[in-house]
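Thanks for coming. I will walk through one model today, starting with a single chain and then moving to the contact between chains.

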Amino acid sequence: MKMEDMPLSGPDNTRLEALVHDIYSELVEDACLGLCFEVHRAVKQGCFFLDETDQESMKEFEIVDQPGVDIFGQVYNQWKNKECECPNCKRLIAASRFAPHLEKCLGMGRNSSRIANRRLASNNNMSKSESDQEDNDDLNDNDWSYGAEKKAKKRKSDKNQNSPRRSKSLKHKNGELGSSVGSEPYKYNYNPGISYETLGPDEVRSLLTTQCGVISEHTKKMCTRSQRCPQHTDEQRRAVRVFLLGPSAPSLPDGDPVGESNIFDIPDGQTLMGRLQWEDSPDISPTDSASSKASTNHSDSRRPKKKKTPSLGLNSGGGGGSLSGGSSSSQSNISLPTKKKRPKLSAPSITSIYDDLN
Amino acid sequence: MSKESRMRATVNQKLTEMGERERLKELLRAKLTECGWKDQMKAHCKEVIKDKGLEHVTVEDLLVEITPKGRALVPDSVKKELLHRIRAFLAQHAT
């Protein structure tokens with residue numbers, strides 16, 4: 001038991017080594033004593049021999065060491081290839097897929113309700129927009145854009161298609177379409193689009209008063225978004241209107257004083273003036289709108305229902321050049337409840353302007 | 001002799017006072033359990049108890065049977081480490 005040399009003198013060294021060993025022995029004996037106490041206590045309490053039973057039981061629970069079987073003797077992938085019959089749909093499903101299948105089949109569980117709702121929403125949206133495309137004229141004019149934006153906006157959150165809230169928002173949109181549609185920041189993934197060839201002039205005009213109407217290059221369809229749709233510029237909208245309704249029929253209700261003043265230099269004849277009437281109603285006074293009731297008919301179709309506040313400001317500002325279809329529409333709405341939803345223009349005031357121009 | 005015994009007494013006292021004894025004890029116990037010494041000893045205890053009979057076993061009986069075997073069964077690595085630590089302590093604090 002020669003250990004490393006210690007930096008000590010000879011006799012001291014041995015004495016020290018002896019001391020070290022003594023200390024070591026003490027420690028080992030201490031450990032043994034601790035163990036003895038532990039065992040003795042277990043024996044006296046009766047829990048020392050707990051892991052040992054009689055020979056037969058020992059043999060029964062011996063560790064199994066055969067191939068294809070785990071240590072308990074069970075085949076571990078026994079149920080992998082089994083098929084279970086679903087009590088709901090009576091189909092044979094693989095065992096590992098049985099639980100998820102039940103979840104969907106019975107309609108319980110977290111995901112199944114989500115999937116069902118999403119499916120319902122997309123189905124309803126599809127059917128609703130398709131039916132909208134057939135409904136061209138009439139009071140559901142607003143549903144064009146409403147359908148598109150509803151699908152885009154409420155794609156995932158639309159749960160109840162038949163709730164009263166939905167019809168309420170529809171009515172709300174009739175008067176306030178501009179604000180709600182204009183403020184929408186989403187990019188639509190689905191744009192039904194209209195083919196302008198199939199529409200009559202009145203329909204085209206009615207469409208163009210409410211919608212962007214810019215004809216897409218690829219599909220040859222008119223854009224059904226709002227007048228302020230971010231995909232098309234006002235120039236495009238004006239070009240489309242010129243193309244569809246004649247050279248003097250720009251019907252952009254947006255407040256665009258610079259651009260619009262040019263339009264009024266073009267008037268040719270009464271019809272054109274009639275067409276222009278709706279967009280330019282600088283002085284909207286109740287009396288004017290009242291008197292205009294008699295004279296104005298056809299120009300009403302192109303009125304945009306959206307613009308209210310901005311065009312009002314323009315109206316007061318520039319008599320000749322401001323686009324005020326929106327304001328005129330709002331005013332006329334008040335004065336002419338008998339007409340269809342299209343608000344009427346104030347013709348006499350506009351006629352007077354043209355007299356000045358001419 | 002008395003000088004030596006005095007020295008021993010001092011060393012032991014120092015060991016205990018500085019907590020080194022306890023530390024060494026814990027270290028030894030942990031190492032012995034780790035290397036399986038404890039399980040071996042328990043198995044030996046079982047045999048002793050079976051020989052002596054379950055009811056009449058005393059602590060002294062066990063101790064007498066176990067200690068020699070226990071001392072012998074301590075692995076060399078554990079022994080070396082412990083000796084080393086003791087020597088280090090003595091070199092540091094004694095003399």
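One definition before we begin: the expected span of a helix is 1.5 Å times one less than its number of residues. Keep in mind that this is a predicted model.

With that rule, look at helix 1 of chain A, residues 10–45. Helix 1 of chain A has 36 residues, and from its first C-alpha to its last it reaches 53 Å, close to the 52 Å expected. After helix 1 of chain A comes G46(A), with a positive phi near 85 degrees.

Now chain A as a whole. Chain A contains 14 helices and 4 strands. It has 358 residues, and 41% of them count as buried. If we take contacts in chain A between residues at least 6 apart in sequence, 59% of those join residues at least 24 apart. The accessible surface of chain A is about 20,100 Å², and carbon and sulfur atoms account for 53% of that.

Next, the contact between the chains. How many residues does the contact take from chain B and from chain A? It takes 41 residues from chain B and 34 residues from chain A. The area buried between chain B and chain A comes to about 3,600 Å², with 74% given by carbon and sulfur atoms. There are 9 residue pairs in polar contact across the interface of chain B and chain A, with both residues at pLDDT 80 or more. On the chain B side, five elements each supply at least two residues that touch chain A: helix 1 (2–17), helix 2 (20–34), helix 3 (37–52), helix 4 (59–73) and helix 5 (76–93).

On to salt bridges. Over all chains the count comes to 17 salt bridges, and between chain B and chain A the count is 8. One of them pairs R8(B) with D22(A), where the closest N and O atoms are 2.6 Å apart.

Another salt bridge is formed by D30(A) and R29(B), with the closest N and O atoms 3.9 Å apart. That pair crosses between chains, from D30(A) in helix 1 of chain A to R29(B) in helix 2 of chain B. Are these two residues buried, exposed or in between? D30(A) counts as partly exposed, at 26% relative accessibility, and R29(B) is partly exposed as well, at 36%.

Let us go back inside chain A, to helix 8, residues 234–245. Here D234(A) forms a salt bridge with R237(A), and the closest N and O atoms are 2.9 Å apart. Both residues lie in helix 8 of chain A, 3 residues apart, about one turn of the helix. Their exposure is as follows: D234(A) is partly exposed at 21% relative accessibility, whereas R237(A) is buried, with a relative accessible area of 3%. The cut-off for buried is under 20%, so D234(A) at 21% counts as partly exposed.

The same helix holds another pair: the side chains of R238(A) and E235(A) meet in a salt bridge at 2.6 Å, N to O. Why can these two meet? R238(A) and E235(A) are 3 residues apart in helix 8 of chain A, so about one helical turn separates them. An α-helix has 3.6 residues a turn, so residues three or four places apart point the same way. E235(A) counts as exposed, at 51% relative accessibility.

Last, a network. Salt bridges that share partners join D30(A), E22(B), K25(B), E26(B) and R29(B) into one network.

Notes: Residues numbered from 1 in each chain as written. Chains lettered and ligands numbered in written order. Predicted model: local features only at pLDDT ≥ 70, side-chain atom pairs only at ≥ 80, totals over all residues. Heavy atoms only, no water. Buried < 20%, exposed > 50% of the residue type's maximum accessible area, 1.4 Å probe, protein only. Contact = heavy atoms within 4.5 Å. Areas by Shrake-Rupley, 256 points an atom, 1.4 Å probe, with all protein chains shown as cover. Buried area = accessible area lost by both parts, 1.4 Å probe. Salt bridge = Lys/Arg side-chain N within 4 Å of Asp/Glu carboxyl O. Polar contact = N/O pair within 3.5 Å; in protein donor to acceptor, adjacent residues only side chain to side chain.
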